[in-house]
Amino acid sequence: MAALSFPPMRVCCGGGAATHNSSSNNNNLLGNHALDAAHIRRAAELADGSAGFTSPHPNFGCVIASKTGKVAGEGFLYAQGTKPAEVLAVDAAGDFSRRATAYLNMEPGDCHGDHSAVSALVQAGIERVVIGLRHPLQHLRGNAIRALRSQGLQVDVLGEDLNSKIIEEARKSCLLVNAPLICRAASQIPFSVLKYAMTLDGKIAASSGHAAWISSRTSRNRVFELRGRSDAVIVGGNTVRRDNPRLTARHGGGHMPMRIVMSQTLDLPEEAHLWDTSDVSTIVATQRGARRHFQKVLASKGIEVVEFDILNPREVMEYFHNRGYLSLLWECGGTLAAAAISSGVIHKVFAFVAPKIIGGKNAPSPVGELGMVEMTQAFDLIDVCYEQVGPDMLVSGFLQPIPDVTPVIPSVDETFEIDPTVTPYESRIISFYKTWDPYGAFSNFSPHQIKMPDDNGDYATWLSVEHYYQAQKFVGVDDPVAQDCVENIKSAKSPEEAARIGRSMQRKHPDLVRSDWEGVKIEVMYRALKCKFSIYPHLNAMLLSTAGSVLVEASPHDLFWGGGRDGEGLNYLGRLLMQLRSEFLGESPTSG
Ligand SMILES: NC(=O)C1=CN([C@@H]2O[C@H](COP(=O)(O)OP(=O)(O)OC[C@H]3O[C@@H](n4cnc5c(N)ncnc54)[C@H](OP(=O)(O)O)[C@@H]3O)[C@@H](O)[C@H]2O)C=CC1
Ligand SMILES: Nc1c(N[C@@H]2O[C@H](COP(=O)(O)O)[C@@H](O)[C@H]2O)[nH]c(=O)[nH]c1=O
């Protein structure tokens, strides 16, 4: 696997000689490259705008710049299933989009089948598009670039059509902002960050095991942000026994990561903060057969227990990759940290160093035994940053280079050209879950608005099927709190937020859920899906194109709408889609 390795320290902004260009034009080109690079870096910066607020997703930012180079509009993707960055940016730029250049940190995903990002750029009259990176996911790679070029737009991809030192630096900012997605595409595991707080003498706890606190409050607040940027936080069994941690993100209203405990023995306390799942769930990963009776105790508290034949960090990471996770934060002690580093699953390290000395021959250190005997064997961190946080020093850097997927992963079309027997989309079972998956548009989180009638026959617009479905739980309940809840769900910025509000209200206030909900929820979902797949022709076509295949919502934790982890789920979403498909096929003029 080709890998990009970056020089130490932060991105530097120096210029550089442009290649491929005649010397007479060099000065001009350098100026153009500097402008292109600056706008691309801004697009990458924008792309990071939702970090900590929404669950990790591919990060897209877009800058529209006029002929003179002035910024006319900007946008970024807020959450999975919200308006694409490109649509927001051209909306913001208005008429200034005409003949302007659009800067995108990454090729649009357009995973919803409607090419909304591409259409927005074309319809707005954009003349040139500069793209930082091709999309790393195979089924999306190259599609938008081809579509834009076929519409007559000039598309310049960094590293392909534009080459110079300054362009390479700008490209690097695009790699960094989507490091989780790139790792996912290249190595089939989520992006993992190891974070720890240590004293100046390299201890993560006193020899008694007491560790609260090493780093300052300012640093710990920073950790909440890191948690908010992650799909889940992981610790080992010993940290649960010793610290009884909560592992929540408490920086105010941001995204809450799941909590994962890795424990071989399952010798864990019966009472622990992590077993309180009122705000967020916990998953315990353990060795197959470990303490079955305790597994039942955990299950009775609503904790999901996942058994592994071999409980090691790599197997666990592969498993969470399959569950769609992009980014994980390891907050374990040195024992599990060493196992994770040895298995090659840690990509980045955040070390908070506090100006304290605790001493202690047996006090634990951040990384246990790695089997190295000479300093020459040590791992050198790449792209190291130093930052003062309150009284502490935060040292961060990459343990592994971000993989360069450019030459490695062919697009779907290229794969077909290389080997026509490979048909990546064809399968008797089509699974969908995250909106960026090949059939992600089937997800209720896809950003397709629907118009649904209320009890009086008045039509209202809902941002997604998920918004509508969650709100229906509380519709018609004679209580102002329930009515507020409907409004809050309706105005939620993303389907994920709508789901979070709906589920948490249902859990905390079951009395506010309409009494007939269990009897009507399938019908509610059916009506919403019927609207979605009737009003969007490309979605209808996508659904019909799956004729003959079984559709499964690959949600591992929703055993009603999803297929479950081992196929134990009822897959009602898949069933309703198949039912709709057959109804649409029955209505189609070509059907016999
Ligand atoms: N300052 C800081 O940033 C932090 C400090 N700490 C401190 O560190 C100390 C705990 O450190 P440590 O014992 O290293 O805790 P860990 O969090 O590393 O837990 C180790 C445990 O992880 C579980 N485990 C599961 N799979 C594996 C595997 N493949 N390899 C290794 N372990 C596995 C085992 O649990 P089981 O025994 O249940 O099978 C093992 O005992 C405490 O004093 C705590 O306060 C902890 C985290 C951060
Ligand atoms: N001691 C220590 C940390 N310890 C980590 O934080 C966890 C406690 O999280 P919570 O219960 O949510 O506050 C604990 O189990 C361990 O993983 N972290 C830090 O930033 N600084 C510190 O000094």
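Colleague: How do the residues of the shell around ligand 1 divide into nonpolar, polar and charged?

Modeller: The split is 12 nonpolar, 11 polar and four charged. For that count, Ala, Val, Leu, Ile, Met, Phe, Trp, Tyr, Cys and Pro are nonpolar, Asp, Glu, Lys and Arg are charged, and the others, Gly among them, are polar. Bear in mind that this is a predicted model, where local features need pLDDT of at least 70, side-chain atom pairs count only at pLDDT 80 or more, and totals for chains, interfaces and linings use all residues, while side-chain values use heavy atoms, with hydrogens and water left out. Residues are numbered from 1 along each chain as its sequence is written, with chains lettered from A and ligands numbered from 1 in the order in which they are written.

Colleague: OK. How many residues surround ligand 1, and which are the closest?

Modeller: There are 27 around ligand 1, and the closest are Asn238, Thr239, Asp243, Ser263 and Thr335. A residue gets into the shell if one of its heavy atoms lies within 4 Å of the ligand.

Colleague: Which elements supply at least two residues each of the shell around ligand 1?

Modeller: Those are β6 (191-199), α8 (237-243), β8 (258-263) and α11 (334-342). The largest share, six residues, is from α8. Helices (H or I, at least four residues) and strands (E, at least two) are DSSP runs, numbered from the N terminus.

Colleague: What lies 2.6 Å from an oxygen atom of ligand 1?

Modeller: A polar side-chain atom of Asp243. Two other pairs come in at 2.8 Å: an N or O atom in the Arg241 side chain with an oxygen of ligand 1, and a backbone N or O atom of Gly209 with an oxygen of the ligand. The protein buries 88% of the 920 Å² that ligand 1 exposes when taken alone. Those areas are from the Shrake-Rupley method with a 1.4 Å probe; for residues, only the protein chains shown count as cover.

Colleague: And ligand 2? Which residues come nearest?

Modeller: Lys195, Ile214, Ser215, Arg246 and Glu331 come nearest, out of 17 residues around ligand 2. The shell divides into seven nonpolar, three polar and seven charged. Its largest share, three residues, is from α7.

Colleague: Which side chains have polar atoms by ligand 2?

Modeller: Among them is Lys195, with a side-chain N or O atom 2.8 Å from a nitrogen of ligand 2. Asp243 has a polar side-chain atom 3.0 Å from an oxygen of ligand 2, and an N or O atom in the Arg250 side chain is 2.9 Å from an oxygen of that ligand. Alone, ligand 2 exposes 520 Å², of which the protein buries 91%.

Colleague: Changing topic. Where is Glu307 found, and is it buried or exposed?

Modeller: Glu307 is in strand β10 (residues 304-308). Its relative accessibility is 19%, so it counts as buried. Buried means under 20% relative accessible area, exposed over 50%, and partly exposed in between (1.4 Å probe, protein chains only).

Colleague: What does the side chain of Glu307 make a polar contact with?

Modeller: There's one of 2.8 Å to the side chain of Arg292 and one of 2.9 Å to the side chain of Gln295. A polar contact is a pair of N or O atoms within 3.5 Å; within protein, one must be able to donate a hydrogen and the other to accept it, and residues adjacent in sequence count only if both atoms are side-chain atoms.

Colleague: What about Thr82, where is its place?

Modeller: Thr82 is in the loop between β2 (71-76) and α2. At 10% relative accessibility, it counts as buried. A polar atom of the Thr82 side chain lies 2.7 Å from the backbone oxygen of Ala79 and 3.5 Å from the backbone nitrogen of Tyr78. Leaving aside neighbours within four places in sequence, Thr82 is in contact (heavy atoms within 4.5 Å) with Leu77, Pro447, Lys493, Ser494 and Pro495.

Colleague: Last one: what does the domain assignment of the chain give?

Modeller: Domain 1 (29-180), domain 2 (188-398) and domain 3 (412-585). The bounds come from an automatic or database domain assignment. Domain 1 and domain 3 have C-alpha centres 29 Å apart, and 20 residues of domain 1 are in contact with 23 residues of domain 3.
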